[in-house]
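Thanks for making the time today. I would like to walk you through one structure, beginning with the ligand and its surroundings and then turning to a few points of backbone geometry.

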Amino acid sequence: MRSTNSKLRKTNIKLAALTFLLFTSNLMACKSSMEEDLAPADDVSSEAVVSANELGDEQALAGSFHLKDYTFKTVFDFPIGAAVVKERLEEPLYDKTLRKDFSRLSSESNFKFKSLHPEEDKYTFEKADAIVEYAKRNNMVVHGHTLVWSHDGTQPKWLLNHKGGAAEFDRLLKSHIQTVLKHFKGKVSSWDVVNEAIADNGEFKNSIWYRKLGREYFFKAFKYAHEADPNIKLFYNDYGQEFGGKKMRTIMALIEEAKQRGIPVHGMGFQLHTVLRITVSKITTNLALAASKGLLIHISEFDVSVKKNKPKTFILDDLLAREQGEKIKAIVKGYLQTVPKKQQFGITTWGVSDNDSYFNKAYPNRDHDYPLLFDKKYKAKRAYRGFIEAGLGR
Ligand code: G3I
């Protein structure tokens, strides 16, 4: 009897020890995963270049998951978009890449004031309509960019030379917005109503609309848009407010004032034409600030320039490509972790591939940056992989 009791005691002690061990190991796992979840998105600064071996070799990476098994449509439950140029839709690789991954189209220029309304009594919708048609054929939604851009350099001459005071420009503003929204009613589900109205110092930029109507043009634009089509989502779109400061404070105050005046601003576009050295926690802080007001949050013109400190005709080597991929992964993770699900309007890249990026069109020497997710032959880059990995929670 005694020997049985002592054996039983020993077994119980072993069981208790095993249980304790299991308990503590689970506790550690839970703690580390919580730390991981709570830690801000990784901030891969340009100093902490992620070297090839730290990432593990191609096989190890490839072994973890096969990129070809995923697309943005299967990984994300909000639209990933691309800004398109109508003429490129006929290009096979451009078309194929768009249809495989993207479910929202914006446009670099085809929906802008000058493109749609080149003369006072003339509207030209053909190119924008072609984009709407393409989107409809391919089950994509369209985001209109942009009704009012506070930048005289993009306005048609007739507008800048137009005679008249506040009443006349109020009429022009209203007629442009309501003519365009009437034309696209039921076809374009969201618009950048006002784009880039505020300077870094928090002041209104000097533009024809500001000169003629003062700050009221901001509120009038949203009011006229909502009257024309109460069913579409109306955005304020800008760059650099992700850093906070005076610009972000003014934008938030304007949106709050609009709300107090019963004028809807449904969302904010953070363009995020950004760079490798960006500190991701700065971005997420301001995404969170905008989201805290109930706004839909659109990363609306996403690209990550890698040309800083590079010679004019540098190539994208693997290390730089990986660094760009890690940065994009951290930003997309930051968006997913910071913006409440129902406010995640989506992420739109400013172009489809490095071949058609505006970075390489707006500068005299082409091929001088690689800011997008697909390379010049429309092959998925590390940037694309990082975007997918963020969506997979890796
Ligand atoms: O369509 C005309 C063509 O008929 C004419 O022959 C040619 C002569 O220069 O100009 C063509 O228009 C060009 C237009 O793009 C369409 O390609 C304009 O000159 C050119 O200035 C315009 O550049 C666009 C720029 O906005 C100004 O509208 C860029 O493609 C576009 O990527 C850029 O996008 C902006 C966003 O709207 C706002 N956020 C910043 C972003 C980058 O600057």
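**The ligand shell and some backbone details**

Please keep in mind throughout that what you see is a predicted model. Sorted by class, the shell around the ligand is made up of three nonpolar, five polar and five charged residues. Altogether 13 residues surround the ligand, and the closest of them are Glu108, Lys112, His145, Glu196 and Glu301.

Which side chains place a polar atom at a short listed distance from a ligand oxygen? For Glu108, an N or O atom of the side chain is 2.5 Å from an oxygen atom of the ligand, while for Lys112 a polar side-chain atom lies 2.6 Å from a ligand oxygen, and for Trp350 the corresponding distance is 2.9 Å. As for burial, the ligand on its own has 790 Å² of accessible area, of which the protein covers 45%.

His145, which I named among the closest residues, also takes part in a cis peptide bond, joining it to Thr146 with an omega of about 0 degrees. Thr146 itself belongs to strand β3, which spans residues 141-149.

A second backbone detail concerns Leu272, which is not a glycine and yet has a positive phi of about 60 degrees; Leu272 sits in the loop between β6 (267-270) and β7 (273-275).

Finally, to the helices: α13 (residues 280-291) packs with α14 (residues 318-338) at an angle of about 25 degrees, their axes being 9 Å apart. Because of that angle, α13 is roughly parallel to α14, and the crossing in which α13 passes α14 is right-handed.

Note on methods:
Residues are numbered from 1 along each chain as its sequence is written. This is a predicted model: local features need pLDDT of at least 70, side-chain atom pairs count only at pLDDT 80 or more; totals for chains, interfaces and linings use all residues. Side-chain values use heavy atoms; hydrogens and water are left out. A residue is near a molecule or strand if one of its heavy atoms lies within 4 Å of it. A polar contact is a pair of N or O atoms within 3.5 Å; within protein, one must be able to donate a hydrogen and the other to accept it, and residues adjacent in sequence count only if both atoms are side-chain atoms. Accessible areas come from the Shrake-Rupley method with a 1.4 Å probe; for residues, only the protein chains shown count as cover. Ala, Val, Leu, Ile, Met, Phe, Trp, Tyr, Cys and Pro count as nonpolar, Asp, Glu, Lys and Arg as charged, and the others, Gly among them, as polar. Axes are lines fitted to C-alpha atoms, for helices over the stretch in contact, and angles run from 0 to 180 degrees between N-to-C directions. Helices (H or I, at least four residues) and strands (E, at least two) are DSSP runs, numbered from the N terminus. Angles under 35 degrees count as roughly parallel, over 145 as roughly antiparallel, 65 to 115 as roughly perpendicular and the rest as oblique. A crossing is left-handed if the near helix is turned anticlockwise from the far one by less than a right angle, and right-handed if clockwise.
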